[in-house]
Every structure is written in C-alpha cells, then in structure tokens.
Amino acid sequence: MDKFVIEGGSRLEGRVTISGSKNASLPMMAASILTDEPCIIRNVPRLADIRTMSDILAALGGGVERTDETTIECRPGDTSEVTAPYELVSRMRASVCVLGPLLARRKKARVSLPGGCVIGLRPIDLHMKGLRSLGANVYVEHGYIIAEADRLKGAEIYLGGAFGSSVTGTANVMMAATLAEGRTVIENAACEPEIQDLARFLEAMGARISGIGTPRLVVEGVEELGGCEYEVIPDRIEAGTFLFAGAITRGDLHLVNARLDHLRAVVDRLHRIGIAVYQKGDAVCVTAQDRPRAVDVTTLPYPGFPTDLQAQCMALLSLGDGISVLTEKIYPDRFMHVAELNRMAANIRKEGATSIIIGVPELSGAQVMASDLRASAALVLAGLVAKGTTEVRRVYHIDRGYERIEEKLRAVGARIERLPDK
Ligand code: EPU
C-alpha cells in the first residue's frame, strides 16, 4: 500500500492534460460483449478500474489489449461464459455493467451482487426492474443476480427510484435494449455525459438510439451489432478536481482536453465562490486570488452538481469566508471525508444528508486516511494548501480513478510524493 506525502503551500500554475473518462470507458468495455467483432476504444485512461473491467472481460472469455498508451482493443473470444465472479465484482461496482450485454447477447447473465460500499447503500433494483420489463427472468440466488431470456422484447420503462435516475442502471437497460425485438422507451433515463457517450458508442456499433442526452431514450432494437472505433470523452470529474485544485491553491491552471460544457453546474458554483473559470483557446482555465466565499451546494443528477465532486468542493469550502451548506441528494451517507478534514482543522458538522461547513482561515497538515476514491481526492486537495505536512494513507482508492495524479500535480508545482506505507 502506498501513501502520499504532501507539503502544503504551493500555488499551482501551468497546463494539465485531462485523461479520458473512467465512467464512460467502463460501460463501453462492457458493451463490447454485444458483438463478435473487435471494438477499438481510444482515450481510455490507465487506471485500476479499467484493469478490473479487463479482468472481468477475460473471465467472460474475451480479451482486452492495450495497443498504445491510450487505446484498447476489446475482443469477445469464447462467448459461452456468463459468470462475473464475486472476487472481481466486489473490487468495483461498475462491473454490474456486464449484466445487460451478457443477457442480450448470451441469453443468460450471472453477475455477483456487488455488496456494501463505503459511500452508502447502492441497490441495483432499477437495473433488475428494467431488465424484467424487457421480458427477462431476473432473480437473486447465492449472492448472484441471474438474468435469463431467449430474446428480449422492447418495452416502455420508467427507470426512476427514490434518488432519481440511475447512471449504470440506464447503461444496462439501454445496452440490453439495443438487441431487443422492437422499440424500448426509457423514461427518467440518466442524462450524464458518460451515458450520452455510451449511446454514441452503441450507435457506432450499429444501434439505433434517439433522445440521447434527454431523460427519454428511445432504442429501436436491431438483429446484431458490429465492432467499432470510438474516442471517449474527457473525464469531467478529473477536470473538476483540477478546477478545485487551482481554486484551493489560489493558482492558475490551464486544463487541456477538458469540456467546459460538461461542468456548467460546477463552474456556476465556482463563480459564486469568487473563482474565475473560462475557456481560453484549447484550455479550460481556473484562476483564483482571494479567500473563497461561502456558498450552498446541492448534489443532483446531471446537469446538476455532481456527487463525484462533492468532497473536493467541501475541501475548498472548508476555507470559505463564512458558513456553507452542502447537501447530498444522491448518496446521503457520502461524508466519510468530514472527519478526516476535521483532523486537518476544518470545522464541519454533518446533519443527516447535509454538512454545515464553518470556514476556517487555514488548514493544518495531518495524517489522514482515504476512504473512497473522491474522498481521497479531497484530502489531497486539502493537503496542497494545509500548513505543514499531510500524509494521505491508502491511496489505492485514488489510483482507481485518477491517472498519475501525483505526477500531474507535481508538474504544476505541487510538492507531493508517493511513498510505500506499511
Ligand atoms: N439507485 C437505486 N437503485 C438502483 C440504482 C441506483 O436506488 O438500482 C440509487 C443509488 O443508491 C443512488 C442513485 O440511485 O442514490 C444514483 O445512483 P446511480 O445508479 O446513478 O450510481 P451508479 O450508476 O452506481 C455512477 C458512477 C458513480 C457516481 C454515480 C452518481 C459509474 C461507474 N459510477 O454510479 O461514480 O457517483 O453514478 O453520479 O459510472 C465514482 O466514479 O467515484 C463513482 C462513485
């Protein structure tokens, strides 16, 4: 296990290249199961989660090869295997994305239930409901979801739950519907850019989908899909994390290969906080000089403020001039970072699904523990600005979703080192 050792106090300045999107790449890799032909996917980041999905596709008889630094080729290989085992699924919840493609292409799927997660309960009832509506027999047995159907049939499906739409639920149902007989309408579909990108990837494979980017997706089933070549969108959460890195260090960062149009809600909040964010040539730029202003933030499905940037935003607001209220409407328990930020002298109180952040003038370096991917990023951001040394332990969480984050940060002036931990 590694840890990061960070000396706070450097102002970050310079250009950072944003990698391809993790959460768009993962379902596309799963979608490759829908065809017998190879799929070439470009702009895929080198991350632990991508390796886990490669291992799952290998367990399902296929192969994933890196043909260059950012390109992978997914080949189906032996198509008789339908089991995604617990050892792999328990490493990463996105593994559940193989459920829809396996069912549609191989008539049966056996996917381990992912189990608990540090950011809270993460049920998959909507995935199951959607696939049942398409005519599949879906049940849970010995810790596995089993789904079976000779040929799926198009249907009208309302895919909303208590917390709104589901990103990977929409992915699963949309992927399954591409090979169903007739038309499927998904109401309350997730509109996230990663879902839009998956829909375009499926179109490149020959799927017929309309309403992309809206909550009403219409999929006309086709007999078969073919291979394709496709370039993944930039990772909006990595880009957003670097916007917060620029803001918290009162720096001046230029993010290359970032999409401002995917970050509207974040940019709106940053403007209210008093941070300049703007497009200049090929880069999204962030410049900050003053102490952040306190603001209220509520996480929501896209195009609202993303839950995956809530922790990073909290790190910034912990230094705000005043009291901020941060409400989590996607994962009400996603606040593991509160106690760790308080170890760094922040003043944050959690009340249900809300955190009340009383801004302090400075943070103080400490030993802290990463609990999940985005919480780890928040602790790194806090470490960049805290007085003295911060040690962030268990950085394997961060390696799941950020490509070479310490190298990218060092290149713009951060003093951060990766060291082996006991
Ligand atoms: N939900 C249900 N039933 C379901 C599915 C979800 O009630 O069947 C609830 C969840 O409990 C949650 C809400 O619906 O309250 C939204 O969950 P969603 O299904 O959209 O989350 P997900 O698809 O499992 C993806 C991302 C997460 C990101 C969320 C929300 C991938 C691989 N994962 O998860 O990313 O936080 O959407 O935007 O796309 C991360 O990258 O760090 C990460 C956790």
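Hi everyone, let's start at the ligand. Of the 22 residues around it, the ones that come nearest are S166, V167, T168, D308 and I330. Before I go on, please keep in mind that this is a predicted model.

So, which atoms does the ligand meet at polar positions? Let me take three residues, one at a time, beginning with D125: a polar atom of its side chain lies 2.7 Å from a nitrogen atom of the ligand. Next comes V167, which we already met among the nearest residues. Here the backbone takes part, with a polar backbone atom of V167 2.7 Å from an oxygen atom of the ligand. Then there is R374, where an N or O atom in the side chain is 2.8 Å from an oxygen atom of the ligand. How much of the ligand does the protein bury? On its own the ligand exposes 830 Å², and the protein buries 90% of that.

Now let's step back to the protein chain. The domain assignment gives domain 1, made of 2-18 + 234-420, and domain 2, covering 22-220. If you have the structure open, you can find D125 and V167 by number in domain 2, and R374 in domain 1. The centres of the two domains, taken over C-alpha atoms, are 30 Å apart. Their contact draws on 24 residues from domain 1 and 21 residues from domain 2.

What lies between the domains? Together they bury about 1800 Å², with 52% of it on carbon and sulfur atoms. There are two salt bridges between domain 1 and domain 2. In a salt bridge you can look up yourselves, the side chains of D49 and R400 meet at 2.8 Å, N to O. As for the residue classes, the side of domain 1 that touches domain 2 has 11 charged, nine nonpolar and four polar residues. Thanks for listening!

Conventions
Residues are numbered from 1 along each chain as its sequence is written. This is a predicted model: local features need pLDDT of at least 70, side-chain atom pairs count only at pLDDT 80 or more; totals for chains, interfaces and linings use all residues. Side-chain values use heavy atoms; hydrogens and water are left out. Domain bounds come from an automatic or database domain assignment. Contact means heavy atoms within 4.5 Å. Buried area is the accessible area (1.4 Å probe) that two parts lose on being put together, summed over both. A salt bridge is a side-chain nitrogen of Lys or Arg within 4 Å of a carboxyl oxygen of Asp or Glu. Ala, Val, Leu, Ile, Met, Phe, Trp, Tyr, Cys and Pro count as nonpolar, Asp, Glu, Lys and Arg as charged, and the others, Gly among them, as polar. A residue is near a molecule or strand if one of its heavy atoms lies within 4 Å of it. A polar contact is a pair of N or O atoms within 3.5 Å; within protein, one must be able to donate a hydrogen and the other to accept it, and residues adjacent in sequence count only if both atoms are side-chain atoms. Accessible areas come from the Shrake-Rupley method with a 1.4 Å probe; for residues, only the protein chains shown count as cover.
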